[in-house]
Amino acid sequence: MQHRSDVEAADALKQAYQQIRAEIGKVIVGQDEVIKFVLISIFSNGHCLLVGVPGLAKTLLVQTVSQVLDLDFKRIQFTPDLMPSDIIGSEILGEDRNFKFIPGPVFSNIILADEINRTPPKTQAALLEAMQEKAVTAAGITHKLAQPFFVLATQNPIEQEGTYPLPEAQLDRFMFNVALSYPSFKEELQVVKNTTSTHKTEVNKILNAQQIIYFQQLVRNIPVTDNVMEYAVKLVSKTRPNSEFATPQINRLLSWGAGPRASQFLVLGAKCHAVLNGKYSPDIEDVQAVAKPILSHRIVRSYHAEAEGLSAADIIEQLF
């Protein structure tokens, strides 16, 4: 898949994005923001954490995305008794009396880590190397994962009993933390109509693995002006209490700020957001459009913010 220029390629990505949205829309009713952020994270070569109560089509969304993008898809149901080898694979003694590695479900293009906070930290950590290095080490041997590789994890925000909150190091590896809300009355009516009949929806394949890798490279090639780059980095710096750019209000409301990964993801996310909206270079509005789901899981609210009932999103809005 070759285009004569990056401009032509950017137009092709925008067109493909619109086609993908249309195909996903055949199956998923509503959830436009969620679908947008999931696709931005794929084209930015990131990972996505979906937080929502059961029954909001999180699993169905991931399955549909994998079908439309013609990618291998594996679902891992995280449970308290899940072991790291259940994810990355294990070595077994073969008939020739030599050990051989049997790959686990992580060797796929799209991984759905369902209810990731239900498994102990030892098993959660099995995904850390895969998410960051795109590789898995077993018995001292490093195995490269197939590209593209994308982890989409889900969490239930209500139940806290019998769960293990994700450590900061793991949360930081997710590009986006996207909150799913209940559908509107009209949307829910449409969902019920679609799912209580014999009607089956077929989706068409729009892209393949090679084309996605090509577009991921294109997103990195998008030029960014210095003032947009500085705005993104300054926005992240503002979240750090007692830093150069932090205001007295932020010092009071936050006890911990976002790290350098947030700045990287803000710039990458803004590049992708710009291209998908027909622009060839991101502006400050593109940075702001992706800021909330990138920063919300990287800041820690203080006692004052919790006492005043301020959410992470409320505090991020004060930074713009």
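Good morning; this short presentation covers the nonpolar cores, one hairpin and one annotated region of the structure above. Please bear in mind throughout that the model is a predicted one.

I begin with the interior. The largest nonpolar core has 76 residues. Those that touch the most other members are Ile24, Val38, Leu50, Leu61, Phe176, Leu266 and Leu295. Which helix gives this core its largest share? That is helix H12, residues 260–276, with nine residues. Where does the core lie with respect to the two domains? Because domain 1 (6–210) and domain 2 (223–318) both supply residues to the core, it lies between them.

Let us look at one of these core members, Leu50. Setting aside neighbours within four places in sequence, Leu50 contacts Val34, Val38, Lys58 and Leu61. Its contacts also include Leu152, Ala153, Thr154 and Gln155, as well as Val178 and Leu180. Leu49, by contrast, belongs to a second, separate core of 23 residues. Leu127, Met131 and Val136 are also among the members of that second core.

I turn now to the hairpin. Strand E3, residues 89–93, pairs with strand E4, residues 99–103, in the antiparallel sense, and five bridges join the two. Within this pairing, Glu91 of the hairpin is placed opposite Phe101 in E4. Five residues separate the strands, and in that turn Arg97 has a positive phi of about 65°.

Finally, the annotated region. An unreviewed UniProt entry lists residues 253–318 as "domain: ChlI/MoxR AAA lid". In the model, this span is 62% helix and 8% strand, and its end C-alpha atoms are 11 Å apart.

Thank you for your attention.

Methods:
Residues are numbered from 1 along each chain as its sequence is written. This is a predicted model: local features need pLDDT of at least 70, side-chain atom pairs count only at pLDDT 80 or more; totals for chains, interfaces and linings use all residues. Side-chain values use heavy atoms; hydrogens and water are left out. Two strands pair if DSSP finds at least two bridges between them. Helices (H or I, at least four residues) and strands (E, at least two) are DSSP runs, numbered from the N terminus. UniProt positions are given in the numbering used here, feature names are shortened, and annotations may be inferred rather than shown by experiment. A nonpolar core is a set of buried Ala, Val, Leu, Ile, Met, Phe, Trp, Tyr and Cys residues joined through side-chain atoms within 4.5 Å. Buried means under 20% relative accessible area, exposed over 50%, partly exposed in between (1.4 Å probe, protein chains only). Domain bounds come from an automatic or database domain assignment. Contact means heavy atoms within 4.5 Å.
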